[in-house]
Each structure stands twice: as structure tokens, then as C-alpha cells.
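Work through the exercises below with the sequence and the 3D view side by side. Try each task before you read its solution.

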Amino acid sequence: MTSPDVVLDLRPPRFSTALYGASVVVAVVLVVFVLTTPGPPLFTAAFAAFAVGITGYNTATVLSRVRGHADGSLEVRNRLQTRRLQRPDIDRVMVGRQGGAGSVRRVELLLTDGTVLHLVATETLPFPGQRQVDEQAAELRRWIEGPRPPSP
């Protein structure tokens, strides 16, 4: 449930969430199959560990989000880290790629200290998701340009 002070809420696309659900089902089926099929114990353990690792990574991706609050703070929950920024900490909003052409697209923040913060919650495939990434970047830009709290 979203708090009333949250004025911006960016989450992974529905398509990514649906793929995550399908990947969990496939991972469970494969792990059960490998555990019930006789085979080398080392392979069984390695396969189960790999499946758990991939499922954990995908779970962290689906649980990522970006929340802009009315008080001018931005909470960025990525896979392994949550950061809380203030509007003045953000220099600009950009749309970038995780890799080369045809790779995952996402919104990125250039911070005033020169670092780039990738927003995992906005990652999407390049072709069907390009418009969504552009819309999320525009929404985030509007939030950044929004009302600023008075200076003390």
C-alpha cells in the first residue's frame, strides 16, 4: 500500500513481473526434477544453488522501486541497496542502456557528486519498453522540478 506522502512511484514493468512469475515456476519445477532424479550429487547441489541464486536476483529486481515523496526526498530501492536522496542531490535524469544496442534500457540519475545511479525498477526490454522508459524519465523530471521545501 502506498503512503499518502508518496507522489511518485516507479516499479518494474508488468511484463517483467509476469516473466518473473514464470521464472519462479520454471525454477521450482527444474529444482524438484533435479532433486528427484538420480545423478551426481555435485551437479545436483550446483544446479540447486544456481537456481536459488538466479531466483533471488530476479526477486530483488521485481521488488525494486523508486518513490518520490512530497517532502522532496527520493527513495531508490535497487537490488542490493536502498538510497534516499533529496531533489538538490540530482543533477539530471537520463535514459541509458545496460549494455550495447538491443540491451535493457533504464532510467539513470546523474548525481551532483558525479556518480550515476541506475534505477533498476525502470529496466525494460529495448523495443516494447522504450516508450515506457521515456515516460518514466519524464515523470521523474517533473517530480524533480516540482515544489521545493523552503530554505531555513
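**Exercise 1: Overall layout**

Task: In what order do the elements run from the N terminus on?

Solution. From the N terminus on, the order is β-α-α-β-β-β-β-β-β-α. The protein has three helices and seven strands. Helices (H or I, at least four residues) and strands (E, at least two) are DSSP runs, numbered from the N terminus.

The model is predicted: local features need pLDDT of at least 70, side-chain atom pairs count only at pLDDT 80 or more, and totals for chains, interfaces and linings use all residues. Residues are numbered from 1 along each chain as its sequence is written, and side-chain values use heavy atoms, with hydrogens and water left out.

Next, burial. Of the 152 residues in the protein, 36% are buried. Buried means under 20% relative accessible area, exposed over 50%, partly exposed in between (1.4 Å probe, protein chains only).

**Exercise 2: The four-stranded sheet**

Task: Find the order of the four strands in their open sheet, and name the edge strands.

Solution. Step one: the order is E1-E2-E3-E4, with antiparallel pairing. Two strands pair if DSSP finds at least two bridges between them. Step two: strand E1 (6-10) and E4 are the edge strands, each pairing on one side only. Neighbouring strands of this sheet are turned by 15° against each other on average, direction ignored. Axes are lines fitted to C-alpha atoms, for helices over the stretch in contact, and angles run from 0 to 180 degrees between N-to-C directions.

Step three: count the bridges. Strand E2 (residues 65-69) and E3 run antiparallel, joined by four bridges. Here Gly68 stands opposite Leu74 in E3. Strand E3 (residues 73-77) and strand E4 (residues 82-86) are joined by five bridges. Ser73 stands opposite Gln86 in E4. E3 and E4 form a hairpin, with four residues between them.

Step four: look for the helix. H3 lies across E1, E2 and E3, and runs at about 155° to E1.

**Exercise 3: The three-stranded sheet**

Task: Which strands stand at the edges of the sheet E5-E6-E7?

Solution. Three strands form this open sheet in the order E5-E6-E7, with antiparallel pairing. Strand E5 (90-97) and strand E7 (116-118) each have a single partner strand, so one side of each is left without a neighbour in the sheet. The twist averages 30° from one strand to the next. Three bridges join strand E6 (residues 105-111) to E7. One pair to locate: the bridge partner of Leu110 is Val116 in E7. Helix H3 (residues 130-144) packs on this sheet and touches E5 and E6; the directions of H3 and E5 make about 180°.

**Exercise 4: Asp91**

Task: Which residues does Asp91 touch, not counting residues up to four places away in sequence?

Solution. Start in strand E5, where Asp91 is found. Asp91 touches Leu110, Leu111 and Thr112. Contact means heavy atoms within 4.5 Å. Now check one distance: Asp91 and Leu111 are 20 residues apart in sequence and 5.1 Å apart in space, C-alpha to C-alpha. Asp91 is partly exposed, with a relative accessible area of 45%.
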